[in-house]
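Biologist: Before we examine the assignments, I should like each label to be justified by its value and its criterion. Please show the chain first.

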Amino acid sequence: MWMQGVRLLKAKDSLKDQSFFLSNVNQIALQKTMFPLGNYTKAEVKNIAKENGFLNIARRKESMGMCFIGSRNFSKFISQYIPNKSGLCIQIDSGNEVGRHSGVHQWAMGQRFKMGGQRTRQFICGIDSSTQNLYIATGKSHPSLWGQFLRTYKPHWIHSIPAELTSNKILFCDFRFRHNQPLAPCKLLRLPSDNLVINVMVPIQSIAKGQFAVFYRGNECLGSAKITAAGPSLYSLTH
């Protein structure tokens, strides 16, 4: 019989903690899994390797980026699988067309958008896959990039559904939607469908549909849910 109550905890090394990526692993898999490096920092592991003569490991440089892409250009890589489709780039404040692009699949919310003749940096603040339009905002503090609400599909709870969501349908916890992003305090509302509405206590930047919201309470990773909608943005609330 499998032991009950397996929980996923953060690693000692916060920069190398992998709980974000493990947040959708099920109980049976976790019960068969060991994390021998969980109580060590990366520096401590390298020192152990050095002390035991594994100098090639101790001196190995950090690997960065997407390992399955390597040094290839991302736009060229993704275009091998998703056909390019031209669309408009629209400045959100003026509504004017400011350029064209070769496919919304090559862009992400909050990504910098380079435009000639602009002194202030421009950023992607909206992606409409139905029209292929990209919406551009001036400056990283533009309110169209910030919001406090999002919706998700039914979440995966690693150990069990938190008792608060069963009793009063509301849970206060922390969440992030990017690895190593600072945790943000939030309130979860459980809908009759078991989907969630997330109210972030402080506005957060560049949330997008398709990302995963990963939930934490203290040192424990509770689980995760795929984001189905983000917004309204702070800009939409006043325009």
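Biologist: In this predicted model, what makes the contact of Glu 164 with Arg 217 a salt bridge?

Modeller: The closest N and O atoms of Glu 164 and Arg 217 are 2.8 Å apart. The criterion asks for a side-chain nitrogen of Lys or Arg within 4 Å of a carboxyl oxygen of Asp or Glu, so the pair qualifies. Glu 164 belongs to helix α6 (residues 163–167) and Arg 217 to strand β12 (residues 212–217); with their positions 53 residues apart, the pair links distant parts of the chain.

Biologist: Why are Glu 164 and Arg 217 called partly exposed?

Modeller: Glu 164 has a relative accessible area of 30%, and Arg 217 has one of 35%. Buried means under 20% and exposed means over 50%, so values in between are labelled partly exposed.

Biologist: How many salt bridges does this rule give?

Modeller: The count comes to 4 salt bridges. Among them is the contact of Lys 12 with Glu 44, at 3.2 Å from N to O. This pair also links distant parts of the chain, 32 residues apart: Lys 12 is in the loop between β1 (8–9) and α1 (19–22), and Glu 44 is in helix α3 (residues 42–51). Lys 12 is partly exposed at 47%, and Glu 44 is partly exposed at 29%.

Biologist: Which residue meets Arg 190 in a salt bridge?

Modeller: The partner of Arg 190 is Asp 194, with 2.9 Å from N to O. Asp 194 lies in the loop between β10 and β11, and its relative accessibility of 22% makes it partly exposed, because the buried class requires under 20%.

Biologist: What makes the backbone of Asp 194 noteworthy?

Modeller: Asp 194 has a positive phi of about 80° although it is not a glycine. Most residues other than glycine have a negative phi. Asp 194 takes this phi in the hairpin of β10 and β11, which has 5 residues between the strands.

Biologist: Where is Gln 132, and is it buried or exposed?

Modeller: Gln 132 is in the loop between β5 and β6. Its relative accessible area is 10%, under the 20% limit, so Gln 132 is buried. Gln 132 likewise has a positive phi, of about 70°, without being a glycine.

Biologist: How do you know that β5 and β6 pair?

Modeller: Strand β5 (residues 122–128) and strand β6 (residues 133–138) are joined by 6 bridges in the antiparallel sense. Pairing requires at least two bridges, so the criterion is met. Within this pairing, Ile 124 has Ile 136 of β6 as its bridge partner. Both strands belong to an open sheet of 5 strands with mixed pairing, in the order β3-β2-β6-β5-β4. Its edge strands, β3 (97–101) and β4 (112–113), each pair on one side only.

Biologist: Why is strand β11 described as mostly covered?

Modeller: In β11 (residues 196–205), 7 of the 10 residues are buried, which means that they are under 20% relative accessible area. Strand β11 pairs antiparallel with β7 (residues 146–152) over 6 bridges, and Gly 147 stands opposite Ile 204 there. Another 5 bridges join β11 to β10, also antiparallel; here Cys 186 has Val 200 as its bridge partner.

Biologist: Which residues form the nonpolar patch on the surface?

Modeller: Ile 170, Phe 172, Leu 189, Met 201 and Val 202 form it, with about 440 Å² of accessible area together. Strands β9 and β11 each supply at least two of the patch residues. Phe 172, in strand β9, is classed as exposed because its 55% relative accessibility is over 50%.

Biologist: Which residues gather in the patch of positive charge?

Modeller: Arg 112, Lys 114, Arg 121, Lys 140 and Arg 178 gather there on the surface. Arg 178 lies in the loop between β9 (170–176) and β10 (184–190). At 34% relative accessibility, Arg 178 falls between the 20% and 50% limits, so it counts as partly exposed.

Biologist: What is the form of the peptide bond from Gly 231 to Pro 232?

Modeller: This bond has an omega near 10° and is cis. Most peptide bonds are trans. Pro 232 is found in the segment after β13 (220–230).

Methods:
Residues are numbered from 1 along each chain as its sequence is written. Side-chain values use heavy atoms; hydrogens and water are left out. Patches are made of residues with over 30% relative accessible area and no salt bridge: like charges are joined within 9 Å, nonpolar side chains (Val, Leu, Ile, Met, Phe, Trp, Tyr) within 5 Å. Accessible areas come from the Shrake-Rupley method with a 1.4 Å probe; for residues, only the protein chains shown count as cover. Lys and Arg count as positive and Asp and Glu as negative; His and the chain ends are not counted. The place of a charge is taken as NZ of Lys, CZ of Arg, CG of Asp or CD of Glu. Helices (H or I, at least four residues) and strands (E, at least two) are DSSP runs, numbered from the N terminus. Buried means under 20% relative accessible area, exposed over 50%, partly exposed in between (1.4 Å probe, protein chains only).
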